[in-house]
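Visitor: I'm new to this structure and would like to learn how to read it. Could you walk me through a few features?

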Amino acid sequence: MKRFAVFIGLCVLAAAGVVGVNAWRWRERKLQDDAINRERSAAENTAAGRLGLKTQPLPPHPLERRLALDEVLRLEPDRRFLLAARELAEADVSERFSDGRWILSLGAREFGRVGELPDFAELMKALAPLAQQWVANATVTGKASRVRAVRGHKEAFAAIREAQTRWSKGDHGAAVLHEAASAAAALMLQVPRASDADDRLDAHAIALCAADAAAGADVRGEHAVLALALGYTGAARTLAPPDDEAALQAFVTLDRRKLADAARRKDANAGDRHLLLRWLMQDANEPAVLRFLGATRDSEQVSVPAVGQLLLAEDLQVVAAASDALPALALADLENVRATAPNDVEMVRMLMTARNSALQILGNNEDLRARLATDLRQADTAYEGPLWRGADTSAWYAAATAAALSGSARSGYVLRPDANGLADELGTWPVPVAGHLNRWLKARIAADRGSLDEVYETLASSKLPGPRPVADLLDALEKQSELPSPRIIEAVRVAWRHFDSRPFSRLVWAEILRTRAHDLDRSARLVASAVDGAYGAYPVDEVALAKQRGAFDRLEQIALDERLPFPARLEAAGALADRGPKAQAERVLRRLGRERPADLAAQERLIRFLHDAGRPADALAAALELLRTYGDDDSFRVALARCDAARQLDAMGRHEDALAMVERALPTEMVCAYRLATVQLAQLGKKDDAENLLLAHLARHPLAATAATVAEVRWRSRNDTGAADILAHPPAELTRRDFREVGERFADAFRTRPAAEVKRAVEVLILAGIQPQSVLELGPPLARAGAAAQAFELYALLSPKLPPEKMTAVQFGAWRALRAAKGVPAADEWLRAQPALADDELASSAYGEGVDEALWELFPGKPLDPAFADRLALLRAASLVRRGERSPRRDALVKEISDPLARWKARLARYIGLPGAYASWEVQLARYVLGDGSEEDIAEAATDGSRSCEAPYYFGVRAAAESRASDAAAWYRVALECRNLEQPEFSWAHQAASQLDQERPLAAKLPQTAR
């Protein structure tokens, strides 16, 4: 027994010794990790401060961070319904989210609950208790007879004014309320909506319609009109009465023939005809629009609602003319003056005539804006009550004016040479949205100059005119940024305040999340919440969702469905051309081309498809057919068709023919004509002619894009000094975005030329004073074009001239290019001759660039540095998993990092207060990536330093490998909340999310619906 006791004692002592030794080692590792994490946390905070980030960081724990991200990106309920609740209750309304639903309250009293993304019917139901109380307080009596839900704006104004007059005299009958609510809904449908001008006007109509329902009226048609006006198109289809309101029923059920018949009936009113015009504008059917306008009577074609629809035209000249005419027409309406215009002329002339007719009421030198301001203040002052007030009339015409100003901003930004002057001019109009448009346009101009701080500040602190302008600013911000950028991810969170759950806002927000934040899972759920179950209600967004799901048959169905608007059908065909089977895509594109042989967008999409498929002869035949359709004139669209044909001739090497084709387009001043003509002259060796035409182009179009064309032509003419000169002294400041375009032109000019000529051209650029960081943008296009030797010369020349933090990545780019050009031995020999490179940075560059073999080629033996050995093991594990490689290399790595006692050590480490210290962080991650353990096991130790950035990325890698694309997308989005650009996992998460978006099919991976 003594011997056994001694043996047991020795075992206990040995175990204690092992535990003590391990605990000592773990404590040392914990101290080292803590020091590293403190350093990385400080670097992250410094990076956030340097970027001027405005939102607070999310919790560091990965699982908690994922939940917190859901909270900060959740859209609040449609604000218009909250304002309606406030109007009905005459008290403040609050909302909070709990257990998957929004709880709506008046003070401490809850009055309704709605889903996370509530639809029209759900929101109206939530208002019902408040509406019932309003009806009771107003002592509404009697029963209302049915009235027309669809009507013109003049008839609706007359009806609601009459209703308010009767109400003010004490007639609180249900019929009076029903007349007012129906008229209000009709007015909301008729008001031009190119801008979100004033939610209070919509809220008032919502409140009236909710009260009308509470009073017992038949509100199906009325609510269908209101739902359609507010953007709830799917709900409008459900609500529209099947036997009444033929035009409304046809519009929401996509029956355009029935709609045309209903609008042409003798008993049709202006509202019915407005629905037909709305459909024709959505369908972008210019000949049909002209026929419709030509058939109108009593100058209805230049009414405020009709001209508001013309603001949605694709032709910016029409948009500009409608924008000029609409405020004058609003003024004429307010003063009961009928503006007239011929209906048998082209649209721009019709609109100009209408504007001049309306302005005849002004005195000599009288300012339209001052007169309009007076009229808006004095509108309907005799009406002041719960059904309608003078302020409501003023708000309606102010909204129409705001839509016109939005059209002016959109068209003037492109068409006017001085957009700054336009911004100042917009700010002088007497409507609230004028200031919003002024700030938006100035921010847009600032983005073009590369002044990104101004754009960021505008997003963070200014009110903007609706979701689309917000998306436009984010787009401009990204184009001028070096991606990936924490500033863009931050800007998305900042922009959240401009959105709510209304369908249009929701769908724009989904687009932003997908394209700017690569938040694929959330974006898909948002879009699905609107489009699933409401086919054709939001066709463009339905196309986007079908693309994301890889549903090619669905895309073909949309493209061939003649009930849907043509632009959406063309978008679906384009998505098929980009990602779908080529035969299927060509069949659909040719079908759309036959339907509209004169539609430039449809024909150009077919031409581009054929060109990208390597069929320039077929593309040329399509371009020539388009020219024959248009005829031989000097219009802009013929010039564009000539450019399309010339591109194909250029691709076929027929430069003489290409020049002859495009010369006829030069009088139109089209930029494409100048570029193609100068390039053809350079290709033909006519350097002097090319230079003279370049100078004329530069004089007429002193833009950054012109500088890129000049540089390209001079490179083609072997005038490297001249190309460098125009880039060093451009007519407008060249931004990073501009240099990316220059890079594409550089690749076009040098892809087939000797590498020595590339080196000489780059040296000339540097000598001209162009920053090496800008010249670096020329490298990726060369590499993509297959010009590996040329790309190597560029990278090798630039690497010693760049900041130290950029050097390793550029040298790796040079190694990769040389490897493609001359093979692995030559590339390795060159790399060994370079100054000492940090192994960690080199391995990270190899992994980040997707050159996975380099992780073994560059490091054939086990590194002597234990920290780097662990880091290399993690990168190799992630490389193997993301490529799905099952090989002896994987088996060897698993054997290298495995530990049979890992789980026991993990429990022991937690017990003695050293969680996660039982193995290095990198080894723990590598084991997880290779399939050992769960997210919860890793998350416990992932709250310090940069680990909260690293862990979500590797969670995403494993999820993607296991075909859990929804989880992968969510984890990559969490990783993008990292605030340290120097953390490589941030860049890798951005890249992986982008690739995930491009993978097809995703039908089995991404969610199909949002319930």
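Guide: We'll go through a sheet, some aromatic rings, a core and a helix. Keep in mind that this is a predicted model.

Visitor: Let's begin with the sheet. In what order do the three strands run, and is the pairing parallel or antiparallel?

Guide: To read a sheet, follow the strands across and see how each one pairs. Here the order is β1-β2-β3, the sheet is open, and the pairing is antiparallel. At the edges you'll find β1 (93–98) and β3 (109–115), each pairing on one side only. Going from one strand to the next, the twist averages 25 degrees.

Visitor: How many bridges join β1 and β2?

Guide: Six, linking β1 to β2 (residues 101–106) in the antiparallel sense. As a landmark, look for S94, which stands opposite S105 in β2. The two strands make a hairpin with two residues between them. In that turn, D99 has a positive phi of about 55 degrees.

Visitor: Which helices pack on the sheet?

Guide: Look for α3 (residues 79–89), which touches β1, β2 and β3 and whose direction makes about 135 degrees with that of β1. Then there's α4 (residues 120–138), touching β2 and β3, with its direction at about 170 degrees to that of β3.

Visitor: On to the rings. How do I describe an aromatic pair?

Guide: You give the distance of the ring centres and the angle of the planes. A search of the whole structure turns up 23 aromatic pairs. Take F157 and Y397: they are stacked, 5.6 Å centre to centre, with 5 degrees between the planes.

Visitor: Why does that pair tie together parts far apart in sequence, 240 residues in fact?

Guide: Because F157 belongs to helix α5 (residues 153–168) while Y397 belongs to helix α18 (residues 390–415). F157 counts as buried because its relative accessibility is 2%, under the 20% cut-off. Y397, at 3%, counts as buried too.

Visitor: What does an edge-to-face pair look like here?

Guide: Try W396 and Y397, with 4.9 Å between centres and 75 degrees between the planes. Both of those residues are buried. For a bigger group, Y847, Y953, Y954, Y972 and W988 form one aromatic cluster.

Visitor: Which charged ends sit over rings?

Guide: You can look at two cases. The charged end of R596 is over the ring of F566, 4.2 Å from its centre. Likewise, R958 has its charged end over the ring of Y928, 4.4 Å from the centre.

Visitor: Which residues have the most contacts inside the largest nonpolar core?

Guide: They are W134, L459, W715, F746 and Y953, in a core of 344 residues. Zoom in on W134: setting aside neighbours within four places in sequence, its contacts are L88, V140, W167, L177, A211, P386 and L387.

Visitor: Last one: why is helix α42 largely enclosed by the rest of the structure?

Guide: Count the buried residues. Eight of the 11 in α42 (residues 788–798) are buried, so the helix is largely enclosed. They are A788, Q790, A791, F792, L794, Y795, L797 and L798. These buried residues pack against several helices, including α38 (736–750), α39 (755–767) and α43 (804–822).

Note on methods:
Residues are numbered from 1 along each chain as its sequence is written. This is a predicted model: local features need pLDDT of at least 70, side-chain atom pairs count only at pLDDT 80 or more; totals for chains, interfaces and linings use all residues. Side-chain values use heavy atoms; hydrogens and water are left out. Buried means under 20% relative accessible area, exposed over 50%, partly exposed in between (1.4 Å probe, protein chains only). Helices (H or I, at least four residues) and strands (E, at least two) are DSSP runs, numbered from the N terminus. Contact means heavy atoms within 4.5 Å. Rings of Phe, Tyr and Trp (its six-membered ring) pair if their centres lie within 6.5 Å; planes under 30 degrees apart count as stacked, over 60 as edge-to-face and the rest as tilted. A charge sits over a ring if NZ of Lys or CZ of Arg is within 6 Å of the ring centre and within 35 degrees of the ring normal. A nonpolar core is a set of buried Ala, Val, Leu, Ile, Met, Phe, Trp, Tyr and Cys residues joined through side-chain atoms within 4.5 Å. Two strands pair if DSSP finds at least two bridges between them. Axes are lines fitted to C-alpha atoms, for helices over the stretch in contact, and angles run from 0 to 180 degrees between N-to-C directions.
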